[in-house]
Amino acid sequence: MDGTTAIRLGLRHCRTSLTEKTKLQDSASRRKTFSAALQQFEEQMKAAEVVSPATRPINLYYGLVQAGLAITAAHAEGTWTFDKHGLKIPDMKRGVPDIAVRPEGVGAFQAVSDATGSERTTDAITLGALWNSLPELAEIPLEGTNDILAVELLADSRTSTEATDVWSADHIAESAEFLCATVWVNEEMPSLPNRKAWLQDFITKYPGLEGSEPWGGEEEAFREARARRFSVELCWPAPKKGMQTGEIAEFFDVRAPVYRFNEDRHLRPAFEPSKAPPTPLMSWWLLLYSFSMLARYQPRQWTNALDIDKSPDAAALEYALDTALEVIPHLVLEGLRQTPILLSKPLAL
């Protein structure tokens, strides 16, 4: 069974499996809303498959809103319904990457964020920044964006006393165990004299890298794979000696959670100081809300952005809307079950 089929069946199964485990069991109103909302989600997603990119954001976003209502019906404390988006776009006449979306009042975005454990954003975020923060989209940034990208992280653990140039001798005597990770970056590798400054700046951009240091120093930690792709090996002192596999996974789950596929970890940049970014589900929510607003209220601007013969962003926007057809059901299923649903990663062609 492929991943798409497994996700579809999982969503269908939620119609019965969640009724005895969640807040649905004590409320007929919640159960009826849950069922109706998931039915509408399924139908909106099917509709999104057959329309063009000019219209697809409308189906995707309103399908996601209905899925969000099902999530709040099943899991939200207290008030679980909503009648506002809870979002606003101050200026829709900018270029797509520069359009910003911000929270406004309390509505669907806030309710679903709370029900799924996502950090609420308080500031405006540009679509270019949202786009680059999503692992599915970070490899094909929109034209002209310089926003921080989501990056891959491969985690492991080591016991060693080799890193004397990273940690003091007293610290190593206290604990010789380290948790290590390799971070992959798609840009030109900095020259040796510039690596320390580059790394200090890089670490500040990703909350998950707080407290890390280069393994073996700046010279040893950097490895070039090819043009515009290199790795940096980082390490943290282990919180305790003899950490088990599950404890190591928990350590990295806080910093770079596994996302959609087994062992597929990503660091996502922060949008606000000392604050985790919205989860991928809620980041997609912000993106699709914005695209749907453009499609509804600025249709000429939206169709111009999709003009494959004239717009440099057209191919990327088409790709994002195709990708959403696969990603959104997966993230919705995780929101409904309140747990990660990890698939085997398909082989690259």
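**Loop residues, overall form and nonpolar cores of the chain**

Arg 228 is situated in the loop that joins strand 7 (222-226) to strand 8 (229-237). In this predicted model, the phi angle of Arg 228 is near 60 degrees, a positive value in a residue that is not glycine. As a rule, most residues other than glycine have a negative phi. The relative accessibility of Arg 228 is 45%, so this residue counts as partly exposed.

A positive phi, of about 70 degrees, is also found at Arg 260, again not a glycine. Arg 260 belongs to the loop between helix 9 (245-255) and strand 9 (265-267). With a relative accessible area of 6%, below the 20% limit for burial, Arg 260 is buried.

A third loop position is Asp 91, located between strand 1 (87-88) and strand 2 (100-103). Its relative accessibility of 32% places Asp 91 in the partly exposed class, because that class lies between the limits of 20% and 50%. The C-alpha atoms of Asp 91 and Val 101 are 8.8 Å apart, and 10 residues separate the two in sequence.

The chain as a whole contains 12 helices and 9 strands. Its radius of gyration is 22 Å, close to the 20 Å given by the globule rule for 349 residues; the chain is therefore as compact as a globular protein of that length. The C-alpha trace spans about 60 × 55 × 40 Å along its principal axes. Of the contacts with a separation of 6 or more, 68% are between residues 24 or more positions apart.

Half of the chain is hidden from the surface in the sense used here: 50% of the 349 residues count as buried. The exposed area of the protein chain is about 17,100 Å², of which carbon and sulfur atoms supply 49%. Among the charged side chains, 36 are positive and 48 are negative, and the centres of these two sets lie 8 Å apart.

In soluble globular proteins, nonpolar side chains tend to be buried together. The largest nonpolar core of the present chain comprises 72 residues, and the members that touch the most others are Trp 284, Trp 285, Phe 291 and Leu 336. Several helices each supply at least two residues of this core, including helix 1 (3-17), helix 2 (28-50), helix 3 (56-75) and helix 12 (314-337). Helix 10 provides the largest share, 12 residues. A second, separate core holds 25 residues, among them Ala 181, Ala 221, Phe 230 and Leu 267.

The surroundings of Trp 284 illustrate the packing of the largest core. Apart from neighbours within four places in sequence, Trp 284 is in contact with Leu 134, Glu 136, Leu 137 and Tyr 259, and also with Ala 320, Thr 323, Ala 324, Val 327, Ile 328 and Leu 331.

Ile 71 offers a further example of a buried position. This residue lies in helix 3, and its relative accessible area is 1%, so Ile 71 counts as buried. When neighbours within four places in sequence are left aside, the contacts of Ile 71 are Ala 76, Ala 115, Thr 116, Leu 281, Val 332, Gly 335 and Leu 336. One of these residues, Thr 116, is 45 residues from Ile 71 along the chain, and the two C-alpha atoms are separated by 7.9 Å. Leu 336, another of the contacts, is also one of the residues that touch the most other members of the largest nonpolar core.

Notes
Residues are numbered from 1 along each chain as its sequence is written. This is a predicted model: local features need pLDDT of at least 70, side-chain atom pairs count only at pLDDT 80 or more; totals for chains, interfaces and linings use all residues. Side-chain values use heavy atoms; hydrogens and water are left out. Helices (H or I, at least four residues) and strands (E, at least two) are DSSP runs, numbered from the N terminus. The radius of gyration is taken over C-alpha atoms; the globule rule is 2.2 Å times the number of residues to the power 0.38. Buried means under 20% relative accessible area, exposed over 50%, partly exposed in between (1.4 Å probe, protein chains only). Contact means heavy atoms within 4.5 Å. Accessible areas come from the Shrake-Rupley method with a 1.4 Å probe; for residues, only the protein chains shown count as cover. Lys and Arg count as positive and Asp and Glu as negative; His and the chain ends are not counted. The place of a charge is taken as NZ of Lys, CZ of Arg, CG of Asp or CD of Glu. A nonpolar core is a set of buried Ala, Val, Leu, Ile, Met, Phe, Trp, Tyr and Cys residues joined through side-chain atoms within 4.5 Å.
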